[in-house]
Amino acid sequence: MPTKGLSLLLWVFFVHLAGIYLYTRGFLLTRLALSDINTCDDGSCKLPPTHKRAVVLVIDALRFDFLSPHPPEPPSPYHHNVLRLPQELTAANPTHSFLFEMFSDPPTTTLQRLKGITTGSLPTFIDMGSNFGGSSISEDSFIGQLQAAGKKIAFMGDDTWTTVFPDSFEPNMTFPYDSFNVEDLHTVDEGVIEHLFPLLRDQSAPWDVLIGHFLGVDHVGHRLGPDHPTMKTKQEQMDRVLRQVVGLLDDDTLLVLLGDHGMDRKGDHGGDSDHETSAALWIYSKGRQLLHPKAAIPPHLLTTRTFPGASVENRHIQQIDLAPTLSLLLGLPVPFNNLGTIIPELFWHDKSGRDYARALTLNTQQIKRYLDTYRNSASGGELDGAWDDLERIWQTVNFQATPKEQSAQWLAMTAYTRQALSVCRMLWAQFNVSLITLGLVLLVTGTVASVLLYLKLGTLQESWESWSAEVKRWYVTSMFSGALLGFVGYITLSRYVKGVGLVDALLFGSALASSLVVIVSARPSFSVTSIRSLTSVPLPLILHALAFASNSFTVWEDRVVTYLLITSIVPSVLIGLAAPTSRLRYRILGFSALFAGCVRLMAASTVCREEQQPFCHVTFFASSSLPSPPPSVLALSVPVALALPWIVKRFLKTSQSDKGTASIVLPLILPGTLLMGTAYWVLEHLDSSEALDQEWIGTLRFVRTLCARVAFSGVLFLGYALWWLVTLCLKISTDTRTDSAAPDRPRREVTVLGFANAYGAPYAVFWCLFLGLVYPATQLTGQLVLALATIAVLAHLEVVDSVRDVRGLEAVFASGNPSAILQQDGLQPSNVPLRFSEITPLALLAVHAFFATGHQAAIPSIQWKAAFVLTPTLTYPLSPLLVTLNTLGPHFLIALAAPLLALWNVAPLPQPAADVRVRLDAVRASLGMMLYHAALLLSSAVCSAWLRRHLMVWKIFAPRFMLSALTVVVVDLAVLLGVSVGVGRISERVSKLFAAMNPR
């Protein structure tokens, strides 16, 4: 039964969603993809082909140093100088073989990089989200030009190609394989090999371009990291494949080997670090030479770079340069949306570079034509700021230059193409300031309304439900009125305000009007009590929010949060030092020390983002390049899984509330769930580390998947079913006693064990069951962190309970009536109001647990292994849900504990006053949790908008805003679940049981 007050939380959730939606629509824009196709019937936009056929092989995540003859020092024995054929042939045939390092525009995910390689266009930040569900490419592309020319394309490998080019490959020569099963290191590669060599050996096979996409190197990186013997084995296999391919090539076939992106030191990708954006390119012509032996290419056309850690410079290009280069080499027009520049070495077929001049001219004219078309499109105004500079450079281009002026013209054309690329990179980081402003207005008014709601509810007692019902009528009415005003505003102003749609106007009007109504309804009365509440400044929240104005503090937020979290318990420690009784003093100081100890131990688990190097050391994994659990974690994982339920039971035993459903869940269901979750990751480690023979792999995968399924099933179908049916943690016994004064009138006594924590204990069991869902989706080190976080939550509840006892005693002594302490409810925690300072440690603990479970506000920290906990292959919707549970589960879990601040050690009498008060405090605690994270969202949104032209906006500020937005949604959902299901069910059962037991 949903508890009253839920509608208030639902309304706050609605305002948060509206603000996030509008701000995100303005901040994270996608570019306009023009549908024009580059065509020319007279052949004026293409060159004679240098080769009749091409073999394009993609080795996923092939970082440049994997092929480089000059790798970083010291070289790794596992991935340096292993795949040697490209460097050998380049050294032996420098006019036939070329090795390049390519810059892969972030996000470095396969789908986006394939779009860049084939179209020559740029991605936007938000494009990364489509990697799990890509759609077909509607732009002009290298593949589309091949089709238009009547060429036949054979394909085998990563099925992402068939997703984005669904009708482009020959049906009888197309062999796609599932691309997201990172557990499988060999099936895709073996499938490519199986179909690749028969097509190469058959000289009559009707293909013009053959594409093979290997995934093994990428999957080894994700699963084991680059510094693992399996990486060496995989690269040795790729080297053998390349040698066979070269042996089967004829003189009219061009070989192109490339990586779609690189990988970071632990084998992941998606971000924009040097290692992730560095991809290898090898181009080899067995017959015709591509570079004239006496060619003298001007140095300004050949850009170079030194790979991190290496000592020798290497040739460096943009990955999108492949699109115009391959198109012109194969006699095709350059794709219309291309922004890449041709690679000079591959067109310098004579000493003077005439072919290069012609190719660069076609390339430059294509980019000019694209920019002119974009300028005339609906989004053309975006180019206004840079158009004059582009036109000035264009005026220096002279296509009729004399041979003496040729070098200067090459420089002018290259300058124009690179300036166009630079401008467009900035262009697609443009922002819709109108939508950003509307989103910020909603976030500000929503936060102010939440603050006033929190304060208002704190001044109400039994009347809070009637007030909530009255306010509900007002804000629901104002939502419809505001939507109507938004519609009128859209009709009136849409011609003047660009980029704001009807849905945007309706949402804004509805959310703003209801926020203003709540602000007016909940305005403070400025009594002494309310003024005192306002002066209680939430300093940790203010400092946390201000940190987002600095890129350094944002990068080191994991350390900042640890400091703030320890600082947040200082007020409780000070109260403990001055506590009137030794028992309360020892309880407050002891549990505070336990809380601080858990926080510090959690902080020992770290995952480093690129910007923290070299001042950060990875401890979540065995090393920065080996994504397996440290040996100490392996040793502790099973004992912790068994000990944690016992520790929770000990906390409940203090109030004799370990009875009822707790007596079944804690000693039986929860240990089994945690143990199965731990067993999954231990078996996964044995599998990935190849500790057992190959014949055990199938058995290990089956058993570990079974363990995970048993863990989840035990919680969902046994634990929660039992909790719903037998909610309370009570043991009720009756006894008949005879009074010596009236022996003929026996008296019946009812004993209720667990009475003092009748509300808190059932909710703690409800919360622990959700812990049982997050636990199996979290890697072993993260499981230890979750165990520490659980103990920290319970310790904080005991601190809060004891602090309230101290405040209750102080209030009684200050009242001038010390005898009130002897009354039954004289020291009831429900008589001491909930404070925001009691919510702050839990809110900070949620953020702390996120970092300590191996995450950062950066894309590469996503733990993709979690997608395969329940299934051996990528399965919708389970795989995305498991990754979400792994990433945001700590936030959800700790936010779900917020109502415990209102329920812990609260006796259920007198009824209904105790029930009314408990539900009020549960709503306030939930609102406070939502308010803390909404304030962080507001701060990150303001800072991201203000610093939107900062060099690090897409690397630091935008990812932190996205994390804040996701966190707010997750926290809101958690407290809504807790209040509606957890508190609602417990309130119903407790009030029904104790309604007739009020003291007379």
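With 1000 residues, a compact globule would be expected to have a radius of gyration near 30 Å, and the protein chain in this predicted model has 33 Å, which agrees with that expectation. Taken along the principal axes, the C-alpha atoms fill a box of roughly 120 × 70 × 50 Å. The chain contains 32 helices and 11 strands.

**The chain as a whole**

- Of the 1000 residues of the protein chain, 59% count as buried, and the accessible surface comes to about 38,500 Å², of which 61% belongs to carbon and sulfur atoms.
- Among contacts between residues at least 6 apart in sequence, 78% join residues that are at least 24 apart.
- The protein chain carries 75 positive and 77 negative side chains, and the centres of these two sets lie 8 Å apart.

**Helix H26**

- Helix H26 covers residues 760–774, and because each residue should add 1.5 Å, its 15 residues should span 21 Å; the end C-alpha atoms are indeed 21 Å apart, which agrees.
- In H26, 15 of the 15 residues are buried, so this helix is largely enclosed by the rest of the structure.

**Gln 783 and its surroundings**

- Gln 783 is placed in helix H27, which runs over residues 780–814, and this residue is buried, with a relative accessible area of 1%.
- Leaving aside neighbours within four places in sequence, Gln 783 is in contact with Gly 677, Thr 678, Trp 681, Tyr 775, Pro 776 and Thr 778.
- One of these partners, Thr 678, is 105 residues away from Gln 783 along the chain, and yet the C-alpha atoms of the two are separated by 7.8 Å.

**Two loops with unusual backbone geometry**

- Most residues other than glycine have a negative phi, and most peptide bonds are trans.
- In the loop between strand E1 (53–59) and helix H2 (85–92) lies Pro 74, which is joined to Glu 73 by a cis peptide bond with omega of about -10°.
- Asn 81 lies in the loop between E1 and H2 as well, and it has a positive phi of about 55° although it is not a glycine.
- The loop between helix H30 (900–903) and helix H31 (913–946) holds Pro 912, and the peptide bond from Gln 911 to Pro 912 is cis, with omega near 5°.
- Asn 905 is also placed in the loop between H30 and H31, and Asn 905 has a positive phi of about 55° without being a glycine.
- Asn 81 is partly exposed, with a relative accessible area of 28%, whereas Asn 905, at 16% relative accessibility, counts as buried, because buried means under 20%.

How values were computed
Residues are numbered from 1 along each chain as its sequence is written. This is a predicted model: local features need pLDDT of at least 70, side-chain atom pairs count only at pLDDT 80 or more; totals for chains, interfaces and linings use all residues. Side-chain values use heavy atoms; hydrogens and water are left out. Helices (H or I, at least four residues) and strands (E, at least two) are DSSP runs, numbered from the N terminus. The radius of gyration is taken over C-alpha atoms; the globule rule is 2.2 Å times the number of residues to the power 0.38. Buried means under 20% relative accessible area, exposed over 50%, partly exposed in between (1.4 Å probe, protein chains only). Contact means heavy atoms within 4.5 Å. Accessible areas come from the Shrake-Rupley method with a 1.4 Å probe; for residues, only the protein chains shown count as cover. Lys and Arg count as positive and Asp and Glu as negative; His and the chain ends are not counted. The place of a charge is taken as NZ of Lys, CZ of Arg, CG of Asp or CD of Glu. The expected span of a helix is 1.5 Å times one less than its number of residues.
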